[in-house]
Amino acid sequence: MPTPRQNAPKIGDLRDLRSFVEAPVGPPGPDPNALDFPPVRNGVDYLLSVVDHLTADPVGPRHVKYAVLHLQAAAEVLLKARLVREHWSLVFDDPGAASERAFRSADFKSCTVGEAVTRLRNIVGVTITDKDQEALAALGRDRNALQHYGLSHNARAVEARAGRVLDFLMRFLDDVLVPGLRLDEVERITADVRRIRRGLTGVHAFITQRLRRLSGDLKGCENRTVLCPYCGQMTLVVERPLGTCLFCDAEVGASAMTTHLFLNTPEGEASRATFCPDCGEYAVGRDTLLATGGRADFCFWCVGPVPLPPTAPSSEPSEHP
C-alpha cells in the first residue's frame, strides 16, 4: 500500500481542494468537448469505466471482461504517470536508450506494469506491498488471458480480484498522485472520483454479502478451508481429488494448489510447496493459512496437516488433479 499521509483528505471528501495540492492554479481548462485526457485524468476515466461495469445489474461476463481490460489500462497509466513525474526516461523499457525526442513523440517501447512497480519501489521510494504487487500481477494474467486466449475463470473470481486492484489504485491516487497535481487538475477529476468511490463501496458490499451468505456452508469445515487461488477468498474447501471454492465455484485439485504456491513463492525464498512425508505426493503447502485462523503445513492430497522436517525437497508438481 502506498505510504499514507497523516490525516490527508481524499478526493470526494474535500471541502477545500487548495489544502490538498502543492502547485498553484493553472490556466483555464480546454474546451470540454475536446479529446483531452492527460495521464491522471485518463487513468481516472478508465477506473470510472471499471466501476460502471462491476456495478451493473446484473454483472455479466462481458461487464467483467471490460472491467479487467480497463483496470489493467488504468494501472498502467497511473503507475507510469508517477514514473514520468520522477523522470520521463523511467517509463522506457530500457531507460539507458531513452531519448526526449522519442518520449515527446510517444515512439518508444514502455516498461511493463511489473517493471513500473519495481522502479516505483526501488527508485522513487513508493511503498507498494507484496500483496498489492501480486494483485497487479494476477490482473495482468487475467488481462492477457482475455486478450489473447479467452479467460476461463469464473466471473465472480475475476470480480473479486479486480476489486483488490481497484482498492490499491484508489489509495495510490490519493497518496501518491493527487498531491502533485495542480488545483485545476484536481477539480476536473473530483466528480468522477466521487462516482468511483460510490461504485467501489458497491463492489465491496457484493463481496461482503456473499461471504455472509456462505458462512453457514463453511461452518465445520474451517480446518480444511484455505484461500482460493482464483478469487483470493477464504472459501476453498479442500477435498480429494477436487476441492470447491464456495465463493467463485472454482474446482481446485492438489496439483493446481501446489503449482500456484510454487509459482508465487517470492524470489530467493524456499518453495512454499513441497512433498508430503505421508503420501509422498508433491501436495504440501508450507505454512498454509486456514479458516481457523491458524497456520499449518497442509497436504492437499491427504487433506490435513502433516509434520515436515525443517527443510524438505521441492520439485515440479505431480500429475494428480
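A residue counts as buried when its relative accessible area is under 20%, as exposed when that area is over 50%, and as partly exposed in between. Threonine 258, with 0% relative accessibility, is therefore buried. This residue belongs to helix H8, which spans residues 254-263. Its side chain reaches the backbone oxygen of tyrosine 282 at a distance of 3.3 Å. The structure in which this contact appears is a predicted model.

Over the whole protein, 8 helices and 8 strands are assigned. Of its 321 residues, 43% are buried. Among the contacts with a separation of 6 or more, 60% join residues that stand 24 or more positions apart.

The helical part can be entered through helix H2, residues 61-86, which packs against helix H6, residues 155-177. The two axes are 10 Å apart and form an angle of about 25°. Angles under 35 degrees count as roughly parallel, so H2 is roughly parallel to H6. Their crossing is left-handed. On the side of H2, the contact is made by Val64, Val68, Leu71, Ala74, Ala75, Leu78, Leu79, Ala81, Arg82 and Arg85. On the side of H6, the participants include Ala155, Val158, Ala162, Val165 and Leu166, and also Phe168, Leu169, Phe172, Val176 and Leu177. By residue class, this contact comprises 18 nonpolar residues, no polar ones and 2 charged ones.

H2 also packs against helix H1, residues 39-54. Here the axes are 8 Å apart, and the angle is about 160°. Angles over 145 degrees count as roughly antiparallel, and H1 and H2 are therefore roughly antiparallel to each other. This crossing, too, is left-handed. H1 contributes Pro39, Val40, Asn42, Gly43, Val44, Tyr46, Leu47, Ser49, Val50, His53 and Leu54. These meet His63, Tyr66, Ala67, His70, Leu71, Ala73, Ala74, Val77, Leu78 and Ala81 of H2. The residues of the contact of H1 with H2 divide into 15 nonpolar, 6 polar and no charged. Leu71, Ala74, Leu78 and Ala81 of H2 take part in the contact with H6, and these residues are also listed in the contact with H1.

Lysine 80 is likewise a residue of H2. Is its position buried or exposed? With a relative accessible area of 9%, lysine 80 is buried, because the limit for that class is 20%. The side chain of lysine 80 forms a polar contact of 2.8 Å with the side chain of glutamate 76. Beyond its neighbours within four places in sequence, lysine 80 is in contact with Val91, Ser110, Cys111, Thr112 and Ala116.

The backbone has several further points of interest. Most peptide bonds are trans, and most residues other than glycine have a negative phi. Aspartate 57 and proline 58, however, are joined by a cis peptide bond with omega of about 0°. Proline 58 lies in the loop between H1 and H2. A cis peptide bond also leads from arginine 240 to proline 241, with omega near 10°. Proline 241 is placed in the loop between strand E2 (236-237) and strand E3 (242-245).

Positive phi values are found at aspartate 287 and valine 303. Aspartate 287, which is not a glycine, has a phi of about 50°. This residue is part of strand E6, residues 282-289, and its relative accessible area of 45% makes it partly exposed. Valine 303, again not a glycine, has a positive phi of about 60°. Valine 303 is located in the loop between strand E7 (295-299) and strand E8 (304-305). At 26% relative accessibility, valine 303 also counts as partly exposed.

The path through the structure ends with alanine 270, in the loop between H8 and strand E5 (273-275). Where threonine 258 of H8 is buried, alanine 270 is exposed, at 63% relative accessibility. Along the chain, alanine 270 and arginine 286 are 16 residues apart, and their C-alpha atoms are separated by 9.7 Å.

Terms used
Residues numbered from 1 in each chain as written. Predicted model: local features only at pLDDT ≥ 70, side-chain atom pairs only at ≥ 80, totals over all residues. Heavy atoms only, no water. Axes fitted to C-alpha atoms, helices over the stretch in contact; angles between N-to-C directions. Helix = DSSP H or I, 4+ residues; strand = E, 2+ residues; numbered from the N terminus. Parallel < 35°, antiparallel > 145°, perpendicular 65-115°, else oblique. Left-handed = near helix turned anticlockwise from the far one by under 90°. Contact = heavy atoms within 4.5 Å. Nonpolar A, V, L, I, M, F, W, Y, C, P; charged D, E, K, R; others polar. Buried < 20%, exposed > 50% of the residue type's maximum accessible area, 1.4 Å probe, protein only. Polar contact = N/O pair within 3.5 Å; in protein donor to acceptor, adjacent residues only side chain to side chain.
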